[in-house]
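Trainee: Got a minute to go through this one with me? I'd like to start with the strands and then move on to the helices.

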Amino acid sequence: MTPSGNIATASPCNRSKSTRHTLTRAVLCLWLVILGGCATVDFDAPKSESRAFTDTADTRLGQALATEEEHPDNYSGFYLLSDAIDALAARLLVANLAEKSIDAQYYLVKDDIIGRVFFASLLQAADRGVRVRLLIDDVGTKGMDDLLAAVADHPNLELRLFNPFANRKTRAADAWDVQRLNRRMHNKSFTVDNQITVIGGRNIATEYFAANSVYNFGDLDTLAIGPVVQDTSNMFDAYWNHPRAVPFEQLSGQQDDGGARLETLGTELRTAIDGLRDTRYADAVGQSFERFEDGGESIYTWARYLLVFDSPDKALGKVEGEDSIVTPLAKTAKAAQEELLVISPYFVPRSAGIEAISEMARRGVQIDVVTNGLAANDHLIVYGGYAPSRKPLLKEGVRFFEVRGDLALSGTEAAGTRKARSSLHTKAFVVDRRYFFMGSFNWDPRSMEINTELGILMDAPEIAGEVARLIYEAAPDRSYQAFLNDDGKLNWRTVEDGKEVIYTKEPESGWWRRTAANLTRLLPIRSQL
């Protein structure tokens with residue numbers, strides 16, 4: 001008789017997961033080779049290392065910021081940018097003031113009018129001799145290689161793509177490498193002369209800056225000065241010099257064309273910007289730009305802080321403990337004694353998260369969640385992951401405020417895009433109206449376990465209290481508060497024309513959207529949301 005151990009070893013049904021995974025990859029790769037190739041990225045290829053400049057006190061920004069009052073070493077100055085027009089103007093202003101360096105890191109930069117204004121500002125700085133380092137996650141660059149090649153041609157601008165696709169034209173051919181490509185760099189930072197930085201939730205595209213006529217995001221950034229800027233530069237350097245940050249030239253194989261690409265792009269960018277001139281939007285940005293330039297007294301609130309971010313090794317699946325942004329964020333949130341206010345466009349707690357939140361509620365912490373309702377959510381699949389958490393948490397006393405799809409976002413009136421649909425994109429939380437976090441981190445599995453994230457934790461009662469006050473003042477008529485009626489069924493209340501209105505189905509949504517959202521709950525993908 002064959003020993004049972006040998007039967008188990010011989011049985012194909014009992015191969016190790018590792019063996020099955022390897023076989024699956026091999027078969028898939030073979031299929032892709034037949035279709036057109038199974039290219040790889042050489043992450044070990046040599047590349048130059050560089051670091052943020054530290055000798056920048058003599059720049060215009062350095063001299064201007066030197067007039068700020070002295071503060072303890074662990075304090076930095078923050079100015080929140082909730083208005084979309086101000087958020088764009090602030091970036092353009094500090095880029096215009098750059099003398100030595102710009103370090104920009106974004107998950108998404110689109111080839112639209114805002115993206116082109118952004119690229120133009122970087123190239124103008126590079127023309128002045130400023131060293132520009134641009135790090136973009138590769139997930140959103142499909143179809144942009146010609147534009148990026150021209151940008152990368154500038155001798156003072158270096159472009160790297162984070163965790164790039166090997167196949168530049170047919171990305172589906174990289175399907176065999178999906179485990180690697182599933183991990184993305186979600187960080188957003190914009191640092192000038194190592195003196196000032198912009199950190200927050202905004203990517204570079206029309207919908208983040210009130211320039212989209214169809215839909216716009218309500219979002220939040222902060223201008224920051226002080227020691228937090230050097231901390232941000234250290235974070236940027238870690239990503240910039242990481243093996244997953246690949247020089248664009250290595251990926252594109254572009255040949256020297258004597259500057260023709262760059263010259264053509266310059267003409268295209270000027271044409272695009274000329275088309276924006278003399279518009280209502282341009283006037284709004286110009287007025288905001290002037291307000292920043294003419295500002296007298298300091299706009300910054302100084303506070304103790306901690307810059308929190310994932311190690312770039314998270315892209316390798318190797319991050320845990322202090323190298324994970326989850327560690328300080330969880331510690332701060334769980335320390336709440338009276339109140340935890342969560343603001344997250346994508347709120348997808350799994351069973352362990354629901355239990356942890358419930359336990360906090362049972363010990364007397366009032367937990368309120370501001371997130372996108374069905375009408376405002378730009379990802380039905382994410383809504384399907386969020387929806388099942390409402391009833392169990394409502395039973396524990398958690399309150400849900402779902403943002404309305406017709407919300408008037410700050411900046412859209414001045415920009416002339418008030419009638420566009422709106423969606424929440426701010427990622428923040430407030431603990432006991434003392435501690436405040438803002439950045440790129442969503443309360444979902446993807447931010448916790450898959451993508452790299454960045455943000456700032458502040459011990460700032462003035463900022464935390466003001467954010468909470470504004471949220472609670474706006475909640476009655478700018479959101480739908482979900483609640484359970486006497487029969488235990490989900491209802492929503494809001495204020496319309498000064499009167500309370502109750503909805504028994506998801507507001508601002510038709511039968512088909514509700515049905516589609518409910519069907520997504522059946523998909524076994526919550527860990528990827």
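Trainee: In what sense do strand 1 and strand 8 pair, and over how many bridges?

Mentor: Keep in mind that this is a predicted model. Strand 1 and strand 8, residues 221-225, pair in the antiparallel sense over 5 bridges.

Trainee: Which residue in strand 8 is the bridge partner of Y79?

Mentor: The partner of Y79 there is L223. L223 also has V198 standing opposite.

Trainee: And how do strand 6 and strand 8 pair?

Mentor: Strand 6, residues 196-200, runs antiparallel to strand 8, with 5 bridges between them.

Trainee: Which residues of strand 8 are buried on each side?

Mentor: D221, L223 and I225 are buried on one side, and T222 and A224 on the other, so both faces are covered. In a regular strand the side chains alternate between the two faces of the sheet. By count, 5 of the 5 residues in strand 8 are buried.

Trainee: Back to strand 1. How does it pair with strand 10?

Mentor: Strand 1 covers residues 75-81 and strand 10 covers residues 301-309; they pair in the antiparallel sense over 4 bridges. One of the partners in strand 10 is T301, which bridges to F78.

Trainee: Switching to helices. At what angle do helix 6 and helix 10 pack?

Mentor: About 110 degrees, with the axes 8 Å apart. That angle makes helix 6 roughly perpendicular to helix 10.

Trainee: Which residues meet there?

Mentor: From helix 6, L147, A149, A150 and V151; from helix 10, R261, L262 and L265. By class, the contact has 6 nonpolar residues, no polar ones and 1 charged residue.

Trainee: What about helix 12, which residues are buried?

Mentor: P328, L329, T332 and A333 are buried in helix 12, which spans residues 326-334. Seen down the axis they fall within an arc of 125 degrees, so they line one face of the helix.

Trainee: Which residues are exposed on the other side of helix 12?

Mentor: K331 and K334 are exposed there.

Trainee: And what do the buried residues of helix 12 pack against?

Mentor: They pack against several elements, including strand 10, strand 11 (339-343) and helix 13 (351-362). Strands 15, 16 and 17 are also among the elements packed against the buried residues of helix 12.

Trainee: Same question for helix 19: which residues are buried?

Mentor: In helix 19, residues 511-520, the buried ones are R514, A516, A517 and T520. They cover an arc of only 165 degrees around the axis, which puts them on the same side of helix 19. They pack against helix 14 (380-386).

Trainee: What sits on the face turned away from that buried side?

Mentor: W511 and W512, which are exposed.

Trainee: I also flagged a few single residues. Where is N241?

Mentor: N241 is in the loop between helix 8 (227-240) and strand 9 (245-247). With a relative accessible area of 14%, N241 is buried.

Trainee: How far apart are N241 and S48?

Mentor: They are 193 residues apart in sequence, but 8.1 Å apart in space, C-alpha to C-alpha. Not counting residues up to four places away in sequence, N241 touches K47, S48, E49, S50, R51 and R160.

Trainee: S423, buried or exposed?

Mentor: S423 counts as buried, because its relative accessibility is 4%. S423 is in strand 14, residues 421-424. Leaving aside its neighbours within four places in sequence, S423 has contacts with N216, F217, G218, N372, A376 and D378.

Trainee: Last topic, backbone angles. What is the phi of N163?

Mentor: N163 has a positive phi of about 50 degrees although it is not a glycine. N163 is in the loop between strand 4 (157-162) and helix 7 (178-181). N163 is buried, at 0% relative accessible area.

Trainee: And what phi does D278 have?

Mentor: D278 has a positive phi of about 60 degrees, and it is not a glycine either. D278 lies in the loop between helix 10 and helix 11 (280-294).

Trainee: Is D278 buried or exposed?

Mentor: D278 is exposed, with a relative accessible area of 79%.

Note on methods. Residues are numbered from 1 along each chain as its sequence is written. This is a predicted model: local features need pLDDT of at least 70, side-chain atom pairs count only at pLDDT 80 or more; totals for chains, interfaces and linings use all residues. Side-chain values use heavy atoms; hydrogens and water are left out. Axes are lines fitted to C-alpha atoms, for helices over the stretch in contact, and angles run from 0 to 180 degrees between N-to-C directions. Helices (H or I, at least four residues) and strands (E, at least two) are DSSP runs, numbered from the N terminus. Angles under 35 degrees count as roughly parallel, over 145 as roughly antiparallel, 65 to 115 as roughly perpendicular and the rest as oblique. Contact means heavy atoms within 4.5 Å. Ala, Val, Leu, Ile, Met, Phe, Trp, Tyr, Cys and Pro count as nonpolar, Asp, Glu, Lys and Arg as charged, and the others, Gly among them, as polar. Two strands pair if DSSP finds at least two bridges between them. Buried means under 20% relative accessible area, exposed over 50%, partly exposed in between (1.4 Å probe, protein chains only). The arc is that of the directions from the helix axis to the C-beta atoms.
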